[in-house]
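Me: Got a minute to go through this one with me? I'd like to talk about its surface and its pockets.

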Amino acid sequence: MAMNLRLTDAESEALRKKAEQEGRSMQEVARAAIAQYVSERPQRLRAAIDRVRTEDSELLERLSR
């Protein structure tokens, strides 16, 4: 499926620099970043939930009363 992605000038420049550093195309770098993001999302979500549960345990306890 074809898709257009609109980036800010800063995002485009960062992507261009990263692609240049890695010797890859901007498209390859963007696709790799998207693949990594979607594949690790459940792990990041679980880690975020665990962090909130730990860091805010006292607040969560008070709210549950």
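Reply: Sure. A quick definition before we start: helices here are DSSP runs of H or I with at least four residues, numbered from the N terminus. Keep in mind that this is a predicted model.

Me: Which helix gives the largest share of the nonpolar patch?

Reply: The patch covers about 350 Å² of surface and is made by Val52, Leu59, Leu60 and Leu63. Three residues of it come from one helix, spanning residues 57-63. That makes the main contributor helix H3.

Me: Is Leu59 buried, partly exposed or exposed?

Reply: Leu59 sits in helix H3. Buried means under 20% relative accessible area and exposed means over 50%. Leu59 comes out at 40%, so it counts as partly exposed.

Me: And how about Ala35: buried, partly exposed or exposed?

Reply: Ala35 belongs to helix H2, residues 26-55. Its relative accessibility is 42%, so the label for Ala35 is partly exposed.

Me: How far apart in space are Ala35 and Arg53?

Reply: In sequence, Ala35 and Arg53 are 18 residues apart. Going from C-alpha to C-alpha, the distance between them is 28 Å.

Me: Now the largest pocket: how many charged residues are in its lining?

Reply: The largest pocket has a volume of about 360 Å³. Its lining includes Met1, Leu15, Gln27, Arg31 and Ile34, and H2 gives the most to that lining, with four residues. By class, the lining has eight nonpolar residues and two polar ones, and the charged count is one.

Definitions and conventions: Residues numbered from 1 in each chain as written. Predicted model: local features only at pLDDT ≥ 70, side-chain atom pairs only at ≥ 80, totals over all residues. Heavy atoms only, no water. Patch = residues over 30% accessible without salt bridge, like charges linked within 9 Å, V, L, I, M, F, W, Y side chains within 5 Å. Areas by Shrake-Rupley, 256 points an atom, 1.4 Å probe, with all protein chains shown as cover. Salt bridge = Lys/Arg side-chain N within 4 Å of Asp/Glu carboxyl O. Helix = DSSP H or I, 4+ residues; strand = E, 2+ residues; numbered from the N terminus. Buried < 20%, exposed > 50% of the residue type's maximum accessible area, 1.4 Å probe, protein only. 1 Å grid on protein atoms, 1.4 Å probe; cavity = no way out; pocket = protein on both sides within 12 Å on 5 of 7 lines; lining within 4 Å. Points joined across faces, edges and corners; volume = space filled by probe spheres on them. Nonpolar A, V, L, I, M, F, W, Y, C, P; charged D, E, K, R; others polar.
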